Amino acid sequence: MARKAAIGISDFCEVIEKGCFYVDKTNFIKEWWETEDKVTLATRPRRFGKTLTMSMVEHFFSIKYAGSRLFEGLSIWQDEAYRVLQGTYPVIFLSFAGIRERSFQEAYHAVCKVLAREYNRCFFLTGSSCLTPPEKDAFIRMAYGQAPPEDISASISQLSEFLCRYYNKKAMILLDEYDTPMQEAYVNGYWEEMVQFIKGLFGAAFKDNPYLERALLTGITRVSKESLFSGLNNLEVATVTSHKYETVFGFTEKEVFDALDEFGLQSSRQSVKKWYDGFQFGQCGSIYNPWSIVNFLAKKEFAPYWANTSSNGLVGELIRKGSREVKLAVEDLLQGKPITAIIDEQVVFNQLDYDDEAIWSLLLASGYLKASHYDAATMACELAITNYETVQVFEKLARGWFANGRADYNGFVKALLAGHTEEMNIYMNKVALHTFSSFDSGRQPSGSAEPERFYHGFVLGLIVELRGRYAITSNRESGYGRYDVMLEPLKTGDDGVILEFKVYDKKKEQSLEATADAALRQILDKKYAAVLEAKGAARGRIRIYGFAFEGKEALIKGGLVQDYEKLCSMPEPMP
């Protein structure tokens, strides 16, 4: 009989005692312990079992669980040396997973509450002789959430000292989702304040703390050493490209297929692989997303379970504000083409607004992209969208860019394919009114803005709606130049489409209409239709459109290419 596939249980004791489906990862304890690393940071995407792993480590080492039988029958229990080690250390277990506040003050108080809860768990220390009266007073203030800022910064290291005195043994510190407050600080605009606060907290806890035995931190990203871990020379980091702990977080293919056999779902192997495989950690290139696997085992139907566990707001914002090159790269990714980027796994959040490489690094760490052919010397990496589930995340992000004008946008696509330029202009101006300013606001290192970002954002929207019906390419060579966008029909009976975008320049054109005419003339002069013609498309089945933009105003002209051939011989501007 198959075990129950329990969704959302991250407490190790509960999983084992209830007999829930569990893939034995207890060998991580041995692997980690034998490295003798003082402070370890393991980064993995969200919903990859980090919290359950931390709970497992706590239940194994903590004195509170001395004599626990939870590990009987699991791989770690086969080693006598580790049976003796179980339940022999004081453990401080903290989680920053829920700290998602909009302001620094709110985030600061949320961290204080997390610390206060841990002090309350150790309140028995106030009844012992290992604390002096002033220390007991300070302890009580911490537990009641009334401690001054200087006590907050020293609170983790101070608690480890108290536990060490009481048990006559150094403490272990476990910190789950350490970087969640940092991501929220970046998104909500209080990065610098949060950095200074967390840096002080971490410095006292992990740097030269004489009462620390070992520390284990988990998170999604490796926040740069300069930001949080300056001076911490005893930090060992295991990122998604590291060889350490390759199979600890996430399921291997064998583990997934064994689970499918247990649940009588053997026939779903290839579909499960398409949907949920594709993550690569270190040299292990076939890691499955555990959250989606457990959900599939429980519900027996395919859905983007992992993709739906987050708003994906930060990722969407980065791509939306990204450079023209970022949007072109996303187009390639959505078409199944890999891209090459330089990856720096020490994410510097305050560089994300203008550094494309930082964006790709964050997308890799977050699990939206997978890496292959990683060159540690040059940090060059070939990236692709992880799997079918993750493709849907990118498609949803592209649709979201037009959310405010969604009905109008759908209408625009229909009008474009039907050749109704009047309707296209009505719809396009409504869409531009809702979305242009945000696409145009992305910052470059110089501080300038590129209107082209909006147009290529628009292209991504087209890809979402028309993938499967058209092969969509952009900025590719055809004839004597590079067209902006081409839609090559995949079905007999559909027209080919070529789009050219131009921003109105009063030094070159007299009006917005003249700019649209210039875009059409360029399509014809440069013979952009050559690619479609070479593939057998008749001129009577190729539509061309010139898009002219000025601020939030758009003008579109166009029609069948054969109707516009005469423009090549006409003087500018077109009548």
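## The open sheet

Five strands, each a DSSP run of E with at least two residues and numbered from the N terminus, make up an open sheet in the order β2-β3-β4-β1-β6, with parallel pairing. Two strands are said to pair if DSSP finds at least two bridges between them. The edges are formed by β2 (91–95) and β6 (235–238), each of which pairs on one side only. From one strand to the next, the twist averages 15°, where axes are lines fitted to C-alpha atoms, for helices over the stretch in contact, and angles run from 0 to 180 degrees between N-to-C directions.

This is a predicted model, in which local features need pLDDT of at least 70 and side-chain atom pairs count only at pLDDT 80 or more, while totals for chains, interfaces and linings use all residues. Residues are numbered from 1 along each chain as its sequence is written, and side-chain values use heavy atoms, with hydrogens and water left out.

## Pairing and packing

Strand β1 (residues 39–43) pairs with β6 in the parallel sense over four bridges, and A42 has A238 in β6 as its bridge partner. Helix α8 (residues 155–167), where a helix is a DSSP run of H or I with at least four residues, packs on the sheet and touches β2 and β3 (171–176). The direction of α8 makes about 155° with that of β2.

## Nonpolar cores

A nonpolar core is a set of buried Ala, Val, Leu, Ile, Met, Phe, Trp, Tyr and Cys residues joined through side-chain atoms within 4.5 Å; buried means under 20% relative accessible area, exposed over 50%, and partly exposed in between (1.4 Å probe, protein chains only). In soluble globular proteins, nonpolar side chains tend to be buried together. The largest core here has 113 residues, of which M194, F202, F206, L217, W360 and L383 touch the most other members.

Residues up to four places away in sequence aside, F202 touches F96, L175, Y178, K207, L217, L228 and F229, contact meaning heavy atoms within 4.5 Å. A second, separate core of 33 residues includes F12, F60, L70 and Y82.

## Serine 361 and the cysteines

S361 lies in helix α17 (residues 356–365) and counts as buried because its relative accessibility is 4%. Beyond its neighbours within four places in sequence, S361 is in contact with I342, I343 and D344. The C-alpha atoms of S361 and T221 are separated by 9.0 Å, although these residues are 140 residues apart along the chain.

C20 is buried, with a relative accessible area of 6%, and C381 is buried at 1%. The structure holds zero disulfides, a disulfide being a pair of cysteine sulfur atoms within 2.5 Å.
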